[in-house]
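Colleague: I'm new to this structure and would like a close look at just one part of it. Could you pick the open sheet in chain A and walk me through it, along with whatever sits around it?

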Amino acid sequence: MAIDVRLTDPEAAKDVIWRTRKLNEEVLAVNPEICIERARLITESYRETETEPMIIRRAKALANVLEKMTIFIQKDQLIAGVQASKLRSAPLFPETEANYLEKEIDLFEKREQDRLIIPPNIRIELLDEVLPYWKGKCLDEIALASMPEKTREIAMLDEQIFSVGIHLSGSIGHIIADYDRVIAKGYLEIRSEAEDYLRNLNLSDPDNTSKLHFYKSIIIICDAIIRWGKRYSVLARELAASEPDARWKAELEIMADICERVPALPARNFREAVQAFWFSHLLCFIEQNGLAVSVGRFDQFMFPYYRQSIAEDEITKDEAQELLECLWIKFTEIMRAYDFEGAKYYAGFSISENLVLGGVDSQGRDATNELSFMCLDAESHTSLSQPNLSVRVHNNMPEDFFRKAVRIAATGRTKPEFFNDTVAIQSLLSLGVPLKEARDYSISGCVEAVPPHTNGMTNASMSNIAKALELALNNGVCRLSGKQIGPKTGDPKSFTCMEDLLYAFKTQVASYVKEMVTALQFIEKAHAQYYPLPYFSLLLDDCLELGLDFTQGGARYNYTGPQAVGLSDVADSLAAISKFVFDEKSVSMDFLLNALDNDFEGAEELRQQLVNKAPKYGNDDDYVDELASKVVLIYCEEVQQYKNTRGGVYRPGVYSVSANVPLGLHVGALPNGRKSRAALGDGVGPVQACDIMGPTAVTRSVAKLNHELVTNGTLLNQKFSRDLMSTEEGKQGLGNLIRSYFDLGGWHIQFNVVDAEVLRDAQKKPQDHKDLIIRVAGYSAFFVELDSKVQDDIINRTEQTDF
Amino acid sequence: MTQSGIIFNTQRFSLHDGPGTRTVLFLKGCPLDCLWCSNPESKNPDMELMYYRSKCILCGQCVKSCEGLGISITEDGVLFDRNIVDIRKCAKACPTGALEIVGQKKSVDEIIPVLLRDVPYFRRSGGGVTLSGGEPTMQAAFCRELLLRLKALGIHSAVETCGHRTWEPFHRAVEAANLILFDLKHINPEKHSSAVGVDNEVIIYNFMKLVPEKKIIVRLPVIPGYNATDEHFRAAAALVLNSGFKGEVHLLPYHSYGSGKYKALQQVYQMEDTEPPTEKQLKAWAYLFESEGLVTKIH
């Protein structure tokens, strides 16, 4: 989930210790660069291993990186382990990125989203030394070439109906690793487990041939990790020897001791566990470039170490808090050089390391502990985009924990996000996950609930249901390109009722979902063959036991989750047609289609009528909310019938990250009055500025959707004015809103606080911001209806608290 | 046959009009005429036409719908004579909502389902329904029936009132409410009359009589140039204490959020240059009540 980098909660700011403040500032101050080392080292290794099995090649390539990559220790940072040669620089993954790196190399410094500096010598080395090797070997080329022609054509349309780009240009990511296991065992133990499995393999059994290579790759990687950990120990020791500052010298010595032990051996205390965790987590981002490698239930798997260290006086609570904050800052050091298009879909170097707090345990009891509270403090003491923080909400959670989380959310940093245990657990049960593991779910990436031991591939694709409606209203022809890209579902002028239109829509959805799934099957197969992930695999018990790679079905739970984007635009468009064309008959289908063809040119009055006088999703109006539910049902039923290549199922999701903007670029005018190529509505929320009944009406509308059916998750982004969120009543109202939304069956909610810039835009373009509500005692109005002087006043006040 | 009332807004997720998350029903019509009123559309008991220039695209549909009678388009937007123009026709014809009718006649039966929409939110927050206005007790029979229905449904209810209605209908109107938000604009009868058009005799009588009977929150608007003085708040504190009142006191500082609505109603906002009271002043006045043991909040 993309998160704005926001400043610290003013109330919490005064408690922030110097170290956190310093490290936080240093991370924010970086102008991100590209780091070539990984690309250089991977390529070097690939050149030497061409005759070997792919999984061994991957293991050796990773080992080569770990052995030779530059490492450094940032002064005053208590945790060791960096992803690239400089703080917050982006390593490259030519395995999937080579093609776009070559094509877009001169765009990185210029593009608006996620700018990255490429020093000239690196640019030359990339173009001359590294990228030529990858010609014809890059995953996107291989996957696309393997697809049926028609599928490839649809997947690569200029005016996209779905985007599968994320796993063409990047690896799978989206793992919830068994971090508890690797921290407790250490990599030496895992290595010896792999050796045991290997020893007991009957290699005359034809099913076992690939297992030989699998276990060998695990052993190669464990050895490399152990040596890599030691490098940090040696470096810390060297730095300590010449360090004049006594405090930092002592801290370096502790670091050297810790890194001498972990991650090779089991962690014995909180400090070692935090370091072992970070090494293990960081390695995910050195092995592969998939996003949303999520942390899981950090407060659960780390708590035993914390409790023990406190009990044995090895650490004070303050020291543990300081260490946690060091870790919090490290999450944002992870970088990825997205391609131009990807940067739009996952704006803000969005890595989505989702860390979950609270919730019930596997027995259904409240799982909140002291560390859960400390993690919230770490969040409010820092102001960075990662981790993507989630709080699981259930009826028996401690009220003070919930309130603390709400207070942080009220600062407007879009986190923590809140999840409804009841619905998430029920939805996992519906997929056949046993109750114990369903209760132990965490969030992968944005909103996707997954049980432990999962390869969720939960952000497989972003699909454009608004485009499906466009096709239903144009007999399968793309309004923008004039190409027939969907089935011929009839001339809409012949439709006599909503059922006719809905049938055409459903047919269009069925058609593109089938092509999307087909594309994804070939992409998954390409990953399994060309981009296996032996390091990921050793993080999961099941992969080790089966001797089967993560990308090939080794995880216990295997899902593929494509999202629907544009729900609110489709619902509002259907409602407008239902009302004006079929109920009132005040607008003819012919006239409407004509206006759509001309992007409302010369039909502004009709457009205004569609925008202002039709029922809008998000206002607790059953007329349109029922249509939204139907749309969700249609999408879910189409998606959930498919099986993936790893023995798992497809799970439908309704969320967009920032894909509602780029996908909107590929959709012509719509009957809700949306102009051609404008952004689509976000997640399961209403169309921007169409919710004028306030947040209870929004959440009621959204809760009418069947969230349990949307097994890959729904995302609701609710915005508030800073004026309101700075009051005690506002914060309480926010907490109660979350609770009530979840009572009604909502899945997820997060909050944006509207900043001064948005208010200024509302002054200029009131039509785009009709939804901004003002709440004062005994008074009713919307921001856009205020006198401009009063608006100025509110903007000034908002700016003062925005800082 | 249920009672009907004229309402001008149903505002959900209201957080400052009684406990918890509330739905506020705004009733149209008020016996007072406060210069600072932030809901000027609430004063007139009849339906009115409002016009927001910022929403208008000058399409002329309104003029067409009324065949130009009493309405025309100028450089400054739509100009109309509210005594001549057919307000229903032109508001219906307006595609943008720039022209909008305020005030709708609704029966209790029609309103109750709307008020019940947010029951899950009331339950979680200890909220409910607040009747506001305007002056709800002007529509006493409607008000009474609505409150009785809410009571039967177990929904917490509050009434915001200026208290200006003869005791009998006033009492009948508010009797079934759980909480009264009682406004006291000024303690001095002449001063009261000078800015709101009527003196405060009935108001103070009703207040005194209601205190022993109902849970009340006293709400004091703080209006610079009118009542924002030490003297006034001392007198207010004396009166409140004298009544035997033990509840909460809320100070509502002046704001000009309503000024845009005066324009939309083609009225002049007379308090353009008024600055809101300072936080320091507000705290000092709040202290007058707090020091007497009354819980006091500044909104």
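Modeller: Here is a walk through that sheet, followed by a few other spots in the two chains. Keep in mind that this is a predicted model.

Let's start with the layout. The sheet is an open one made of five strands of chain A, in the order 5-6-7-16-15, and its pairing is mixed. At the edges stand strand 5 (354–358) and strand 15 (717–721) of chain A; each has a single partner strand, so one side of each is left without a neighbour in the sheet. On average, neighbouring strands here are turned by 30° against each other, direction ignored.

Now zoom in on one pair. Strand 6 (residues 388–393) and strand 7 (residues 417–420) of chain A run parallel and are joined by four bridges. For instance, V393(A) has N420(A) in strand 7 of chain A as its bridge partner. Something packs on this sheet, too: helix 33 (residues 728–743) of chain A touches strand 6, strand 7, strand 15 and strand 16 (748–754) of chain A. The direction of helix 33 makes about 150° with that of strand 16 of chain A.

The loops leading into those two parallel strands are worth a look. Q386(A) and P387(A) are joined by a cis peptide bond, with omega about -5°, and P387(A) sits in the loop between helix 18 (370–381) and strand 6 of chain A. There's another cis peptide bond from K415(A) to P416(A), where omega is near 0°. P416(A) belongs to the loop between helix 19 (399–409) and strand 7 of chain A.

What about the side chains? F418(A) is a good one to click on. The largest nonpolar core has 269 residues, and F418(A) is among those with the most contacts inside it, alongside Y187(A), W228(A), F270(A) and Y535(A). Setting aside neighbours within four places in sequence, the contacts of F418(A) include V391(A), V393(A), F402(A), A405(A), F742(A), W747(A) and I749(A). There is also a second, separate core of 52 residues, which includes L115(B), F170(B), V218(B) and L294(B).

Away from the sheet, chain A has two helices that make a nice pair to look at. In helix 22 (residues 465–472) of chain A, eight of the eight residues are buried, so this helix is largely enclosed by the rest of the structure. Its buried residues even include K467(A) and E470(A). Among the elements covering them are strand 11 (461–464), helix 23 (498–530) and helix 26 of chain A.

In helix 27 (residues 589–597) of chain A, the buried residues are M589(A), L592(A), L593(A), A595(A) and L596(A). Seen down the axis of helix 27 of chain A, these fall within an arc of 160°, so they line one face of the helix. They pack against helix 26 (567–583) and helix 28 (604–612) of chain A. After helix 27 of chain A comes D599(A), with a positive phi near 50°.

Finally, here's a parallel pair in chain B. Strand 8 (residues 128–133) and strand 9 of chain B pair in the parallel sense over four bridges, and G128(B) has H156(B) in strand 9 of chain B as its bridge partner. Five of the six residues of strand 9 (residues 156–161) of chain B are buried, so that strand is largely enclosed by the rest of the structure.

Terms used:
Residues are numbered from 1 along each chain as its sequence is written. Chains are lettered from A and ligands numbered from 1 in the order in which they are written. This is a predicted model: local features need pLDDT of at least 70, side-chain atom pairs count only at pLDDT 80 or more; totals for chains, interfaces and linings use all residues. Side-chain values use heavy atoms; hydrogens and water are left out. Buried means under 20% relative accessible area, exposed over 50%, partly exposed in between (1.4 Å probe, protein chains only). The arc is that of the directions from the helix axis to the C-beta atoms. Contact means heavy atoms within 4.5 Å. A nonpolar core is a set of buried Ala, Val, Leu, Ile, Met, Phe, Trp, Tyr and Cys residues joined through side-chain atoms within 4.5 Å. Two strands pair if DSSP finds at least two bridges between them. Axes are lines fitted to C-alpha atoms, for helices over the stretch in contact, and angles run from 0 to 180 degrees between N-to-C directions.
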